[in-house]
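Visitor: I'm new to reading protein models, and I'd love a close look at one part of this one. Could you walk me through its salt bridges?

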Amino acid sequence: MSLKKNLLFQTLPSADQVDGIWPYTAGNGGESTMILLRTGKKVALTNCAIFTVADIYAAREDKIFRLIGRHYARSVGRSHGSIYPLSPDMTLVGMKYRTPVCSTHQTTMAYINVAHPAYIIDHPHCSRFGAVAFPSGTCMPLLWGKETIGRKLHEGRDAHHLLLAREYWRIRQAEEELIDPDHWKGRGPEPPQHTGQPADEQSASSA
């Protein structure tokens, strides 16, 4: 890990504080990242790309960000994904946030942590698109319609609930083995699996 990443690993806000992450371009043209905390406070990381920040949050869980997305995509029969279940405190869902500013290599995606509440509202400037509001009062305008945003939030919450169920299953198994080492012997227990079913769009639009 580079010196910069190692410093970020030590200093980034904890996952349970983060509501959202989005990219912006600094005055010198450098790719930068804004982190929105649950309190409404914003943490600006100048000349630090959003993927670097996402990689750090994954690394804190001994995971690799891009591989988490690919694994989830395969579990629901897709070639690529924008949902990243990282921990009980953070499942990131990618949303179209901007068009490329200076380079086609700049990401257009922001990420919402669906481990926390988020609500769909009207876009403040364009009726074609929607936005996401957080309990702190902060609004994140997006470049997708409200139906698409709702579907993504709903799918992300499904992924997060599955992650929580797996964590509970692992804890329960560990507790049972401490009490009775033979409890699971020969029973072949399996953790909860994703069904691969599409999210209910009606429920998503009311999320």
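Guide: Let's start with Glu31 and Arg98, whose side chains meet in a salt bridge, 2.7 Å from N to O in this predicted model. The two partners come from distant parts of the chain: Glu31 belongs to strand S2, while Arg98 sits in the loop between S5 and S6, 67 residues apart. Both Glu31 and Arg98 are buried.

The whole structure holds 4 salt bridges, so let's visit some others. Lys5 pairs with Asp55, and their closest N and O atoms are 3.7 Å apart. Here too, distant parts of the chain are linked, with Lys5 in helix H1 (residues 3–11) and Asp55 in helix H2, 50 residues apart. Lys5 is partly exposed, because its relative accessible area is 27%, and partly exposed means between 20% and 50%.

Asp55 also forms a salt bridge with Arg66, where the closest N and O atoms are 3.9 Å apart. Asp55 lies in helix H2 and Arg66 in helix H3, so this pair ties together parts that are 11 residues apart in sequence. Arg66 is partly exposed as well, with a relative accessible area of 42%. Through shared partners, salt bridges join Lys5, Asp55 and Arg66 into one network.

Helix H2 has another role to notice: with 6 residues, H2 gives the most to the largest nonpolar core. That core has 23 residues, and Ile35, Tyr57 and Leu86 have the most contacts inside it.

Notes:
Residues numbered from 1 in each chain as written. Predicted model: local features only at pLDDT ≥ 70, side-chain atom pairs only at ≥ 80, totals over all residues. Heavy atoms only, no water. Core = buried A, V, L, I, M, F, W, Y, C linked by side-chain atoms within 4.5 Å. Buried < 20%, exposed > 50% of the residue type's maximum accessible area, 1.4 Å probe, protein only. Helix = DSSP H or I, 4+ residues; strand = E, 2+ residues; numbered from the N terminus.
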